[in-house]
Amino acid sequence: MHARTAAASLAAAALLGVGALLLPTPHSPATGTGSARGTETVTGMRAVGARATGAFAVTPVVFAHRGASAYAPENTLAAVDRADRLGFDWVENDVQLTRDGVLVVIHDTDLKRTTDVEDVFPGRAPWAVEEFTAAEIARLDAGSWFGARFAGIRIPTLTQYLDRIGRNHQKLLLEIKSPELYPGIEKETLRVLRRAGWLDRDHVRNRLVIQSFDAGSLKKVHQQRPDVITGFLGAPAIARLGSYAAFTDQINPSYTSIGADYVAAVHALKGAHGKKLRVNTWTVNDAGTAVKVNRLGVDGIITNTPDVVREATD
C-alpha cells in the first residue's frame, strides 16, 4: 500500500504518550530472525483489561503486510511462511493481472524494484506488470534483491498463493491493486477465489477481506458478491463515511492520517453487513507507533514486523 490519503495530525495520539515503556525494536531483515509467538491466533479481538491509562482496551488484530515482509521478500510464499512460523494468521497481499489475464501477487505496477526483470528482459522498459505474460513473470528472480539466501524465489500466482496460505491455515486481506489498469479484475479475482474454495461460508465469514484504494472497485466486488467483507484503503472525510458504509465493512487508513476522533466516527457507523465499521491502520513497523495507534482504538494494525507490533500491543 502507498500513502495516498492526505496526511492529518496524530496529535490526539501524541497527547496520550507512550510513557517509559521499554519495547523491542524491529529485527534486521538481513538476519531473518524474529520473536516467534506460537500462541498467536489473530482471529479477532480479545479483551486484555485495563492499560496504563486506566481504560479498558482490546488487542488489535495484527496483519502481516505482504507477508512478514521485514524478514522475507514481500508478497512471496517465503514471506507467507515466515508469518506462519511467527504465529500470525492474517496476511495481506496485492494482486494484479498479467498480459494474458493471470492474477499474480505483486505490489508495484512495474517489475523493477523486486525482480531482475531489467536483466532478463532488457528491452522491455518500463517493465509494467500488465505488459508481461504469466510465463514470463515466472522466469524472474523475486528474492535476490532482498538477500542472497532468497535467490530464485518467484512471484506467485494468486492460485499458488491461496494454496500456500490454505495449507498454513492462514487468512487473507487481499488488495486489488490499481484496478483502473485492469478492467474486470474484480470478476477475475472472485473467480479465482471461488475455484480455490475461498468463497465458501467459512472463508467468507472468517478468513477473507478484499480491500482497495478504489471505491468503485469495492462497489463492484460488493455487487458481485454481497457476502464478501470489504475494506476501503484511505481516510474519507467524516461527513462522507456514511456513503462508504453502504458497500464496505472497514475503513483502512494510513496511521499518519487519523486520530482518536476519526476512529470514533468510523466506529459510530454500521457497515454493509450491519456490524460496526472497523479500522485497520497501516503500515506500523515500530513499537512506539503501535502503542499510539492501539490507544486510538483501532481494530487492526497492518505491519511488516508483526512480532514487534504484537509485543507492543499485547
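**Figure 1. A look into the largest pocket of this predicted model.** The largest pocket has 21 residues around it, and those closest to its centre are Arg205, Ile229, Gln250, Lys275 and Arg278. The space inside the largest pocket comes to about 540 Å³. Where do the lining residues come from? Four elements each bring at least two of them: strand β3 (61-65), helix α7 (201-206), strand β7 (208-212) and strand β10 (278-281). Helix α7 supplies the largest share, with three residues. Sorted by class, the lining of the largest pocket splits into seven nonpolar, seven polar and seven charged residues.

**Figure 2. The largest cavity and the residues that line it.** How many cavities of 30 Å³ or more are there? The count is one. The space in the largest cavity is about 70 Å³. Its lining is made up of Glu74, Asn75, Thr76, Val105, Ile106, His107, Thr114, Ala142, Trp145 and Ile155. By class, that lining holds five nonpolar residues, four polar ones and one charged one. A probe the size of a water molecule, rolled over the atoms, shows where empty space is left.

**Figure 3. Asn75, a cavity residue with a positive phi.** Zoom in on Asn75, one of the residues lining the largest cavity. What is the phi of Asn75 near? The value is near 60°, which is positive in a residue other than glycine. To find Asn75 along the chain, go to the loop between strand β3 and helix α2 (77-86). Strand β3 also turns up in Figure 1, where it supplies at least two residues of the lining of the largest pocket.

**Figure 4. Helix α5 against helix α6.** Two packed helices are described by the angle between their axes and the distance between the axes. For helix α5 (residues 158-167) and helix α6, the axes come within 10 Å and cross at roughly 40°. Helices α5 and α6 are therefore oblique to each other. Their crossing is right-handed. On the α5 side, Leu158, Thr159 and Leu162 make the contact, and they meet Thr189, Val192 and Leu193 of α6. This contact has four nonpolar residues, two polar ones and no charged ones.

**Figure 5. Helix α6 again, now with helix α8 as its partner.** Helix α6 spans residues 185-195 and helix α8 spans residues 215-224; their axes lie 9 Å apart, at an angle of about 45°. So α6 and α8 are oblique to each other. The two helices make a right-handed crossing. Which residues touch? From α6 come Glu186, Lys187 and Leu190, and from α8 come Ser217, Lys220, Val221 and Gln224. In this contact there are two nonpolar, two polar and three charged residues.

**Figure 6. Helix α11 crossing helix α12.** Helix α11 takes in residues 287-296 and helix α12 takes in residues 306-313. Their axes come within 8 Å and cross at roughly 55°. That angle is why α11 counts as oblique to α12. The α11/α12 crossing is right-handed. Ala287, Ala290, Val291 and Asn294 reach out from α11, while Val308, Val309, Ala312 and Thr313 do so from α12. The contact of α11 with α12 holds six nonpolar residues, two polar ones and no charged ones.

**Figure 7. A cis peptide bond leading into Pro126.** Is the bond from Ala125 to Pro126 cis or trans? The bond is cis, with omega near 10°. Pro126 sits in the loop between helix α3 (117-120) and helix α4 (134-137).

**Figure 8. Another cis peptide bond, from Trp282 to Thr283.** Here omega is near -25°, and the bond between Trp282 and Thr283 is cis. Look for Thr283 in the loop between strand β10 and helix α11. Both neighbours have appeared already: β10 supplies at least two residues of the lining of the largest pocket, and α11 crosses α12 at roughly 55°.

How values were computed
Residues numbered from 1 in each chain as written. Predicted model: local features only at pLDDT ≥ 70, side-chain atom pairs only at ≥ 80, totals over all residues. Heavy atoms only, no water. Axes fitted to C-alpha atoms, helices over the stretch in contact; angles between N-to-C directions. Parallel < 35°, antiparallel > 145°, perpendicular 65-115°, else oblique. Left-handed = near helix turned anticlockwise from the far one by under 90°. Contact = heavy atoms within 4.5 Å. Nonpolar A, V, L, I, M, F, W, Y, C, P; charged D, E, K, R; others polar. 1 Å grid on protein atoms, 1.4 Å probe; cavity = no way out; pocket = protein on both sides within 12 Å on 5 of 7 lines; lining within 4 Å. Points joined across faces, edges and corners; volume = space filled by probe spheres on them.
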